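Trainee: Before I use any of these terms myself, I would like to hear how each one is justified. Could we go through them one at a time?

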Amino acid sequence: MISNGLPPSPLPEQGGNLGSLRSQAVTGAPILRTRGLTKRFGGLVAVSDVSLDLHVGEVHVVIGPNGAGKSTLTNLLSGDLPPTAGEVMLEGRDIAGLSSDQISRMGVGRSYQKTNIFLPFTVFENARLAAQSRTPHALRVFSQAEGYAEINQRAQAALAAAGLEHRAQRIAATLSHGEQRQLEIAMCLATQPRVLLLDEPLAGMGPHESQRMVELIKKLSADHAIMLIEHDMDAVFALAHRLTVMVNGEVLESGTPAEVRSSPAVQLAYLGGEELLHD
Ligand code: ADP
Ligand code: MG
């Protein structure tokens with residue numbers, strides 16, 4: 001869903017209490033940073049020399065047209081794809097090329113653009129599987145009663161954080177689309193990440209569900225570093241502390257939302273197109 005109806009002010013009203021969130025934003029060392037990150041698929045450079053920082057307490061939104069390389073960038077950060085070149089530094093350690101399991105255990109969680117839920121299982125079972133899958137010595141821990149308790153507790157806490165506690169015993173297939181996306185976030189939280197990579201979490205949602213997800217992401221940003229891929233401009237400007245525009249695999253512009261909106265390069269790129277960044 002793409003909304004072009006931006007209010008004239010640099011930041012839209014529905015930013016709500018964003019002022020307080022922004023003032024809490026950490027400006028120290030990034031928890032995750034990329035430098036020169038590049039991914040080639042044969043002759044196609046899907047991600048080209050991308051440098052980007054993620055800070056705990058901030059939502060860094062990445063926008064750009066279909067095919068710009070946003071999902072590929074997410075895959076490089078999560079370890080679902082190895083980069084062709086460049087660095088991915090997590091708290092000072094280069095994690096480029098590590099497996100997705102390794103990177104997940106180091107505190108980088110992601111949701112997928114397509115849903116990743118076990119539909120015949122209950123909501124709680126889904127969260128518990130996610131919690132269990134990210135436990136380093138899953139089998140050993142799982143054989144102990146306290147291991148069960150720890151995993152159950154983590155699953156419960158993740159459901160509560162994602163606003164799904166009241167749905168714990170429902171079969172996942174019976175949830176609404178919006179609740180399934182919330183469950184995906186809960187499954188991500190069950191792995192206890194500090195970095196959250198969210199690829200189009202509002203896709204296919206109605207206005208009410210979108211608003212709920214925006215509130216959830218806002219809440220999670222207080223104690224996570226979030227990279228959010230999103231098309232809905234109202235949500236983008238309600239959430240973004242930092243905004244990066246990608247086109248053809250490259251970073252066209254990156255900065256505060258106000259800086260990006262006033263960038264001539266960005267305005268030119270969107271002229272005649274969807275005019276995403278115009279009032
Ligand atoms: P976005 O998420 O911004 O829409 P993607 O990252 O999905 O863009 O895709 C960027 C480009 O890389 C597209 O041209 C896409 O076709 C291509 N691409 C993505 N994944 C693969 C892959 N596994 N193999 C080959 N080409 C790919
Ligand atoms: Mg994509």
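Mentor: What follows takes the terms in turn, beginning with how the model is to be read.

Mentor: This is a predicted model, in which local features need pLDDT of at least 70 and side-chain atom pairs count only at pLDDT 80 or more, while totals for chains, interfaces and linings use all residues. Residues are numbered from 1 along each chain as its sequence is written, chains are lettered from A and ligands numbered from 1 in the order in which they are written, and side-chain values use heavy atoms, with hydrogens and water left out.

Trainee: What makes a residue one of those around ligand 1?

Mentor: The residues around ligand 1 are Phe41, Leu44, Ala46, Pro65, Asn66, Gly67, Ala68, Gly69, Lys70, Ser71 and Thr72, and the criterion for being near a molecule is that one heavy atom of the residue lies within 4 Å of it. With Ala, Val, Leu, Ile, Met, Phe, Trp, Tyr, Cys and Pro counted as nonpolar, Asp, Glu, Lys and Arg as charged, and the others, Gly among them, as polar, this shell divides into 5 nonpolar, 5 polar and 1 charged.

Trainee: How do you know that threonine 72 makes a polar contact with an oxygen atom of ligand 1?

Mentor: A polar contact is a pair of N or O atoms within 3.5 Å (within protein, one must be able to donate a hydrogen and the other to accept it, and residues adjacent in sequence count only if both atoms are side-chain atoms). An N or O atom in the side chain of threonine 72 is 2.6 Å from an oxygen atom of the ligand, so the pair meets that limit. Polar backbone atoms also come within the limit, that of glycine 67 at 2.7 Å and that of serine 71 at 2.9 Å, each from an oxygen atom of ligand 1.

Trainee: Why is β3 called largely enclosed?

Mentor: Buried means under 20% relative accessible area, exposed over 50% and partly exposed in between (1.4 Å probe, protein chains only). By that rule 5 of the 5 residues of β3 are buried, so the strand is largely enclosed by the rest of the structure. Val59, Val61 and Ile63 point one way and His60 and Val62 the other, and all are buried.

Trainee: Why does glutamate 215 count as partly exposed?

Mentor: Glutamate 215, which lies in helix α8, has 38% relative accessibility and therefore counts as partly exposed.

Trainee: What makes β3 and β8 a pair of strands?

Mentor: Strands are DSSP runs of E of at least two residues and helices runs of H or I of at least four, numbered from the N terminus, and two strands pair if DSSP finds at least two bridges between them. β3 (residues 59–63) and β8 are joined in the parallel sense over 4 bridges, so the requirement is met. Among the bridge partners in β8 are isoleucine 229 for valine 62 and methionine 227 for histidine 60. β7 (residues 195–199) also pairs with β8 in the parallel sense, over 5 bridges.

Trainee: Which hand has the unit of β7, helix α8 and β8?

Mentor: A crossover is right-handed if, with the strands pointing away from the viewer, the path from the first strand over the helix to the second runs clockwise. β7, α8 (residues 207–221) and β8 make a right-handed β-α-β unit.
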